[in-house]
Every structure is written in C-alpha cells, then in structure tokens.
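Let's take a friendly walk through one protein model, with an eye on a helix, a surface patch and some aromatic rings.

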Amino acid sequence: MEEGAGRSLLTRPRLVLIVGLLLIVQWSLAVISLLGETPTVDEVVHLPAGVSYWEMGTFRLYPHNPPLIKLLAALPVLQAGPETAPLYREARWGWPDANKAAFAHGFMLLNAPRLFELMAPARLMMPIAAVIGGLVIFDWSRRLWGPWGGLISLTLWTFCPNILAHTRLITTDVSATVIGFAATYAFWHFLRRPTWGLVVVAGLLLGIAQLTKFSLLLLYGLWPLLWLIQELTRGERAGRVRRVGRSAVQGVAMVALSVLVINIGYGFEGTGKKLGDFAFTCQTLTTERETPRPLFRTDPTRQGPDLKAGVLQFRENRFRGTPLASLPVPLPEYYVSGFDDQKLEAEGVPVRAMMFADDWMNASIPPDAISGYPVFLDGELSNESWWYYYLMTLVYKVPEGTWALLLLAIAVIPMASRNRAEAVDEASIWIVPAVVLGVMSFGTNIAIGLRYVLPIFPYLFLGAGRLAPWASGLQGGARTAAIAGIGVGLLATASAALLIHPHYLAYFNWVSGGAKRGSEHLIDSNLDWGQDLKGLHDWLELNAPGERVGIAYFGQVNPEVFNIRAQVDDPSIGSGRPLDWFLPPVLPGTLPERPGQDAGPPEPGLYAVSASLMRGLPWRVYAPDRWAPMSARLGAFRYFESLEPIGQIGYSILLYRVTPADATRLASRWQSAPVEPGMPANPSMGD
C-alpha cells in the first residue's frame, strides 16, 4: 500500500469508526464472559473492603492494596444495600488489624442469597479501564507511528487474552496498568513541552496511579531517568543550567501534587503519624529483636498466628529509638502500612512467623528461613520462585501472533531510521518493561501469575506500532508481504481471543499445549482462580442432577452458597437446584483442622477438583457443614493427578469418575507412612 493511498483510505471518520468498533468488541467480550463466571479469589476480598471504606470512613481493612479500585467497585453495590451491620459489631473489627478473610466470608454469608447479583454491577464497571487504556495506546502509537501504527497497537490490546482475562475482575491489575501507562504518557508530553499545565496533569495522574497499586512507585524513579535521557540526547548545552533548574522545580511540584492526591484519596487518615509508631514487618523497615516475643497457641485448631503478629515476634521498627522516630510521615497511615505488607510478601515471610512459639521453639528452623507464596512451574511446586518464572509465563500465555509481531518489531529497529523513534521515545517504550520484568524476576519472591507483569503489555504493543512505517517504506512485493504478515499476526491474535472465549483466564497458546494442558505448566491466577464454580453447578444440573459430588475447590466462595440460594423464593435470582456435595478425603497430615478428613481413599463416585489443588497447591478448602474455610497443606489432593479426568469445566476444574478399581489403587497412598506435613498456605490473601 502506498503511503499516500494509505492516508486516503484511512480517513478521519473511518479511523474513528474502526477505533470505536475495536473498543466495543473488547468491552463486549469482557462483559459477556464475566457474567457467566464466579468472582475470583481476590475479588471477594476487595469488594467487601471497599464497602467498609464507604460505610465506616476508615481504610483499616485490607490496606494491602491502595483503595481506589475498591472504592469505585463498591459504589453500585452500596446502592443495593448489602447487609454489613453485624460485621462491624464483631470484636475483631475493633482490632488494630481487622481480619480481611473473616470479614470477606462474613459478608458473603450475610449476602449469600444475592451474592452474585450484588457483585455483578461492581464487576461490570471494571472493563471501562481497558477501554480507556485502548484510547491511550492508540493515541500514543498514532503520534509515534501514524494512524496505521495506532491501529496495530490497539488491535493487539483489544484482543490480548490476558488483558481480557483481568479487565473483568475487581482487582487492581488492569486498572493499575492503564493508569500507570496514561501517567507516563502525560509525562512524555511534558518532556516534549514542559508547561505547568502538563506538570499538573502528570502530577495528578502520578498520584492516582499510587492509589491503584504499590508497584507504580517505580514511576518515581523511571520518570527522572526518562528526563535525563531527554536532556542528554536532545538538550542543547546553552541554557542547560537554567533548564535543569526549571525541570527540578517542576519535578518537585509533580511529586508534591501526587502526595496531595494520595492523601486526598485516603481522606488524610493517619497522615502525620510518627515514623517510630508504625508496626513495620518487612525486612527493609525492621530490625531483628534481640529477644523474640513469643506467641503461644491458645486455640488447638489454629495452625499459626495472624501474619503480622507472627512476624512481630521477631522484628521491630528499625526507626524506633532513633532520631527519625519522631518524624511525622506526610502520607496516610494505611498507605504506609499497606506498602509494608506488600514489601513483606515480596521479600518472603519468615518461616517461624507462620508458627506459634509452641512449634518454632521445638523445631530446628534457621532464623533466616523464608517462605514465599507456594509457586508452580512446569510440574514443580516450590516455596521459592525461579528467576525465569515470568519469562515462561509470557512464553506460554502470549498468543503466537502477538509474539511474531513483537519479535518482528524488534528486528526492524536497526533496518532504517523510519523504524526508530527518538531516544527518549524509545526509552519510554522499553524502560518500563525491562524494569518491571527485572524487579519481579530478581527483586521479589512472588511468582503466582502473569498479572504481576501486565504493566509491560501496553508498552510492548506501543512498540509494535513501528511495523506500520516499516511496511510503508518497503517497495513492491516486499511491501505486500510485510502488510500480509502483519495482517496474519493480528488475525492470529484475534482468533486466539475469540477461540478461548469466555475462558480468558485459562488461555494458553497453541505451542504450550493450549488451555486443556495449561496446568502442566502454570496454575493459580494463570489458569484457575476460582472462576468456574458457577459453571460446575450448571454442568451438574444438566449432566448429574441429584448426584452427590466431591468438590475440592480453589477459590473463596463456599459452594454451600448454592444451597442457601436454593432456599430463596425469588425468581430474579435464578438459584437453581441444591448442591449435594462433600469435601473429598485429603492425604494424611494435610488438613489438621479437620480430624478424620484424611480417612481415605475416596469412595467411588463423581468428583470435581480445581487444577491448582490437583497439582498440590496448599490453599483454603470448604466443607458443607461449615462456612469458614480450612487450610489444606501441600499435596492434600494431589492423588487426583494419577487419575484420568472425564471432563473439564472452563479448563480450571477437572471432573473425575472414581471407579472401585481406582479407589483400590489409591488406597496405598493412605496405607503407606503418613506424609510429612507441609507448610500451611500463606496466611495472606491475594495481592
């Protein structure tokens, strides 16, 4: 296509129409798919926390993440009048660290008859973030590479299965990705035209970004780096001192404005608290106690103390007793303590902190032993991450068409100047992905999902836009082949998203074996995040009505919710049949809270087991005779790995028909010596 012909073909009205259609398609795919799925692990904690912020005027519950997305999601739910009053009358609400897990399960129990109907409007707000992100990606790419480049970038964003998977959820991942990208786009405009108006816009967006996810603190370091690249590559020597001085003042103004936005977002709650008064737990902000303060078990059924209390047995605020202790912190109390919570989990939790003194005093556990999230990669479970984990998630979960276009975009950079942007523009594209991947791979012990590196996606798609000027600069057959290749890559990406619909969380590319074999490589939020419980209930109604089924479910919605809903005489709920279910037996020593549950093997019959539990991940599990979850240890249900499933629900729940022969064969797992009890599931909940 000739460059002039391309411009005449892509008139402004047509461009607006194409952009609008792409965004409508993305929004529609997200909405249609979310309505049929169960709220996932983190959603059922985020939403009740957001409701409590509005109702109680405090951010004490679940400060683990900044509050903006939780606040927005809770708005339509508040209009429906959820039942919450009994939760605030419980004694634990008055504790310094209100228990988010107990509050979330209490909220679900009180509102069980209409739980899914309450959460639906909150979830329907989430895809708006992806639409905004699409507009920003298109506009930035258009300015760098022209309208065709903008459409290439937008198409990759529209049909990215991983963006579609997470933009539907009441979580921070896609919203933080979009707001961080938009903030950096505003700063990029500031670098090109450093006006005070753009200082205000960039500062406001920087502050809003900090109200979505703590990982966006990286922007405070990345933006000065981009400015330095700009100054060294484009700034003239004449007047440099004056420019640097002006930029320094403007940078300070941005930071100050962002801090003001953070404080406004938290309603200035706890702003000015003295540095020495915080009960920090992360290694960076603490020092080891000379003498531990042991916590002894008072409830024989409890495996370990609350996370924060457990850590404080051994650590204390490193600023306490120093001249800095009396320094007032110009940030909200729960912003600071929430960052500390996140930093602790990024570093890994001390093993002894997950135990009562009754246990660690009698165990030979090194004081510096660390336990991170249990992580799974290619069939191996570990309490320590692999540096290449996130690279492998990208290999498995990015569509082949997208990979082809991204690799081609990198390959054409040295071919001609038209394929390259200015130094600061190229830096804006590549620095964030490099830093995010580097920090997550080498600077944390968290490796539980591709969602942690979602912020790199818009930048990669932005870089892919350079394929448009590259193709337009070729001649004859080479140009035709280049345009056809780009079209095939985009079509392959769109096909990947449409073929996996509506099961976007479970997307794996064809090369990795596809979604059916996904659990061979990755689990948790990469595949199985509790989204298919409703799908299981629907399948049982259709294919096994009235049959008793053993359910081992990786999620945070107790399957007993269907039996509560079945008792409600309200056609608008569409509650369906009751669910006759039970918790399958666990391997010996893996569920101490429920003596007798390890009386195996499983009886012949129908079973539904989440892929994460089948692969041995420790997690909370439910039984029909109690609403609160129990902590299953490593490998509790891994015996199902030796059975052949008869089907799958949304690729995340495996169906088994255990025969008498299977039960006899599995009996040896119980007759052998009891397994060594593994570490309990990490006591934190989500991110």
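What follows covers these three topics in turn.

The model is predicted, so please read every value below as computed from it.

**A helix and its neighbours.** Helix α13 runs over residues 219–234. Its 16 residues, at 1.5 Å a residue, should span 22 Å, and because the end C-alpha atoms are 22 Å apart, the expectation and the model agree. Seven names make up its buried side: L219, L222, W223, L226, I229, Q230 and E231. These buried residues pack against α11 (173–192), α12 (196–210), α14 (240–265) and α20 (423–442).

**A patch on the surface.** W387, Y388, L391 and F442 come together as a nonpolar surface patch, and their accessible area adds up to about 450 Å². Within this group, Y388 sits in the loop between β6 (380–382) and α18 (389–397). Its relative accessible area is 32%, so Y388 counts as partly exposed, the class between 20% and 50%.

**Aromatic rings.** Searching the whole structure turns up 28 aromatic pairs. Two of them are set out here.

| Pair | Centre to centre | Angle between planes | Geometry |
|---|---|---|---|
| Y53 and F59 | 4.9 Å | 50° | tilted |
| Y639 and W670 | 4.9 Å | 70° | edge-to-face |

The Y639 and W670 pair links distant parts of the chain, 31 residues apart: Y639 is in the loop between β11 (626–632) and β12 (647–649), while W670 belongs to helix α28 (residues 668–671). Both Y639 and W670 are buried.

Is Y53 buried or exposed? Y53 is buried, at a relative accessible area of 5%, and F59 also counts as buried, at 10%. Y53 and F59 belong to a cluster linked by ring pairs, together with F214, Y266, Y335 and F339.

Notes: Residues are numbered from 1 along each chain as its sequence is written. This is a predicted model: local features need pLDDT of at least 70, side-chain atom pairs count only at pLDDT 80 or more; totals for chains, interfaces and linings use all residues. Side-chain values use heavy atoms; hydrogens and water are left out. Helices (H or I, at least four residues) and strands (E, at least two) are DSSP runs, numbered from the N terminus. The expected span of a helix is 1.5 Å times one less than its number of residues. Buried means under 20% relative accessible area, exposed over 50%, partly exposed in between (1.4 Å probe, protein chains only). Contact means heavy atoms within 4.5 Å. Patches are made of residues with over 30% relative accessible area and no salt bridge: like charges are joined within 9 Å, nonpolar side chains (Val, Leu, Ile, Met, Phe, Trp, Tyr) within 5 Å. Accessible areas come from the Shrake-Rupley method with a 1.4 Å probe; for residues, only the protein chains shown count as cover. A salt bridge is a side-chain nitrogen of Lys or Arg within 4 Å of a carboxyl oxygen of Asp or Glu. Rings of Phe, Tyr and Trp (its six-membered ring) pair if their centres lie within 6.5 Å; planes under 30 degrees apart count as stacked, over 60 as edge-to-face and the rest as tilted.
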